[in-house]
Amino acid sequence: MKRILSLALALLMLVGMIPMASAETAAYTQSPYLDGKELPAVADRLPIASDVMVEEMKEIGQYGGALTLLQGGSSKWGPGKPTEEALFRFNTDGTIEPNVAKGYDVNEDATVYTIYLREGMKWSDGVPFTSEDCRFFYEDLLIPGVTTKSVWEAMYSSDANGEDKTMATLEIVDDYTFKVVFKYPKPNFLKELAINGKWFFAPKHWLQDKIPGENYLSQEEADKLAAELGYSDVKSMGNSLTYYYWIVPGRPTLRAWTIQGDFEAELCTWVRNPYYWKVDAEGKQLPYIDELHFRRYSDAEQALLWTLDGTADISSVALADVETILNDATAAVELIEWSSVDWASNSIQLNQAIKDEDLRALFQNVKFRQALSIAVNREQIVELVDNGYTEAAQSAPAAGAQGYSEEWTKAYTQYDVAAAQALLEECGLVKGDDGFYYFANGKKVVLNLQYQDETHASLAELLKNDFTILGLETTTRMYDRSIMEEMRSANNHEVVINYESFSTVSLSLRPDYFVPFRDYCIWGTAFGLWYKNPANEAAVEPPADVKAMLETYDKMMAATTVEKRDEIAGELLAMFKDGLYEIGFSSALPAVYAIDANLRNFPDVAVDCDEFRNLGIANFAQLWLAAE
């Protein structure tokens, strides 16, 4: 098994997968998979020669075959991240580079970004991709709320005080050039766009008769279409066709593969896009792999079996299963470890904006969070949940990351039930004759632990036992991820285990999991609604510490230089050190992947994080299977 690299080292290392901006190739070739199909010549399906994206990779590959990955639950990101193509993408060292975009210019004060597209590039149905598709997405889908509930923070700039927050404008220069114009400096725009935006375009030719709007469908027409297509309402239709679009059969994309059939099927197949716009150094049109197969598994045991018997070519592996895989002589797989930027491997977050006002006041009291933290026997979790691979730890930045300190990782990690009970009593709780704690008004305190993956069941039971010993009645329940998402949106979540936990390669770039500036972060979803609009009926006004956090966030987002922004991010980190907004129990684990021994060009070194799109950093279009 490969050595675990520190976060600092992994962020600095490259793996030989940096693409060149463009190159002219004398002759292009295609996969035999496309032979016999009625298609234009390869050169006519690609951008003009000077704009074709030529990927540099460790090994030039061979065409053919299908790559099988495992799909669990209802999350659409399983196939979403590996196939994603954004205007700009991250390298494994954290730098940003053009992808769908050919390049860019930025003025001196970082208020005007000129973005250049690839001339002759086409959607998967052969229709030209132009600047109008970017304008359409921004002005007709994103701003009106067709694709998401709110405009990405990447598209806003603020004055130095954070008081005047203004949305960017988009100006088309020509078919392959457009400008994004900010009122105030936006030094991190491209990185924010790669994180928040992921993509910044949509096929206008296909969507224009499927969305509501002044120049599109009337509300009545949109309602009718949504019903005909089987959606519950227009909002759901828009979210599906413009946000989770990769699972919509027939919807044109810029991805290397397009979905065929039902995403919910036991086996979902994706086939190569004949108009994909990247080639290798020999002029072979990518991808090498003809099909992606996403096979749905029923439980963790089945996923492990499919990893061992070769059904899966790439699968995520729990550390508890590593020894089983290594000891199985028939398993023709290689184990790859990628560094993590998680703050903990196991944690909980308390919804401090919870609807129950008694629990809300209790959850907002940092002494209560301290009590829960020291009431947990972390050594049990390390041994029984993490199989001894971790250490008892608090939720904190990883070694090498901004804000790291050994003191932080050990804060409130001592196991001391008596001290925890003393803290509960400082919170005003009263212990009843039955041994459980009650509010001063006589209502029993009940903690409802919620989680979305069966692999967290053992952790949930250990926490339930520890909190019961503490004197808090505790329940546990598992939910499907889609239900968890609905609960978060409706502010119906309570104490959440290992779901959207603290994780970031840079707090200044990705504060979404941490700061409630929108209805996203688990511990303060409804605070985010208040931040956006205090008059919102579902909003909850945050306490003073959270308001101070939001003010600091505004200052950070208004910073006119990267250096200043990172400095203010340090102020935010200090707030998290003191606040226990997430309670961690064990140190972060690396991401472990089992890959087919014949799979080529899969990175040996990478950082597994959402900012880099997790598996997407492997650039799947250049993966290939060598002959056995």
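Axes here are lines fitted to C-alpha atoms, for helices over the stretch in contact, and angles run from 0 to 180 degrees between N-to-C directions. Helices (H or I, at least four residues) and strands (E, at least two) are DSSP runs numbered from the N terminus. The model is predicted: local features need pLDDT of at least 70, side-chain atom pairs count only at pLDDT 80 or more, and totals for chains, interfaces and linings use all residues. Residues are numbered from 1 along each chain as its sequence is written, and side-chain values use heavy atoms, with hydrogens and water left out.

**Helices α11 and α12**

Helix α11 (residues 357-364) and helix α12 (residues 366-374) have axes that come within 5 Å and cross at roughly 75 degrees. The two are therefore roughly perpendicular to each other (65 to 115 degrees). Their contact (heavy atoms within 4.5 Å) is made by Leu-362, Phe-363 and Gln-364 of α11 and by Val-366, Phe-368 and Arg-369 of α12.

**The four-stranded sheet and helix α4**

An open sheet is formed by four strands in the order β5-β6-β10-β9, with antiparallel pairing; strands pair if DSSP finds at least two bridges between them. Strands β5 (103-106) and β9 (169-174) stand at the edges with a single partner strand each, so one side of each is left without a neighbour in the sheet. From one strand to the next the twist averages 20 degrees.

Helix α4 (residues 131-142) lies across β9 and β10 and runs at about 165 degrees to β9. Ten of the twelve residues of α4 are buried, so the helix is largely enclosed by the rest of the structure; buried means under 20% relative accessible area, with a 1.4 Å probe and protein chains only. Among these buried residues are Asp-133, Arg-135, Phe-136 and Phe-137. Their cover includes β8 (165-167), β9, β10, α6 (204-207) and α8 (234-242).

**Strand β17**

All five residues of β17 (residues 346-350) are buried. Asn-346, Ile-348 and Leu-350 lie on one side, and Ser-347 and Gln-349 on the other. The strand pairs with both β23 and β22, as the table sets out beside the pairing of β6 with β10.

| Strand pair | Sense | Bridges | Opposed residues |
|---|---|---|---|
| β6 (residues 112-116) and β10 (residues 177-181) | antiparallel | five | Thr-114 and Lys-179 |
| β17 (residues 346-350) and β23 (residues 583-586) | antiparallel | three | Ile-348 and Ile-583 |
| β17 (residues 346-350) and β22 (residues 495-497) | antiparallel | three | Leu-350 and Val-495 |

Terms used: Angles under 35 degrees count as roughly parallel, over 145 as roughly antiparallel, 65 to 115 as roughly perpendicular and the rest as oblique. Buried means under 20% relative accessible area, exposed over 50%, partly exposed in between (1.4 Å probe, protein chains only).
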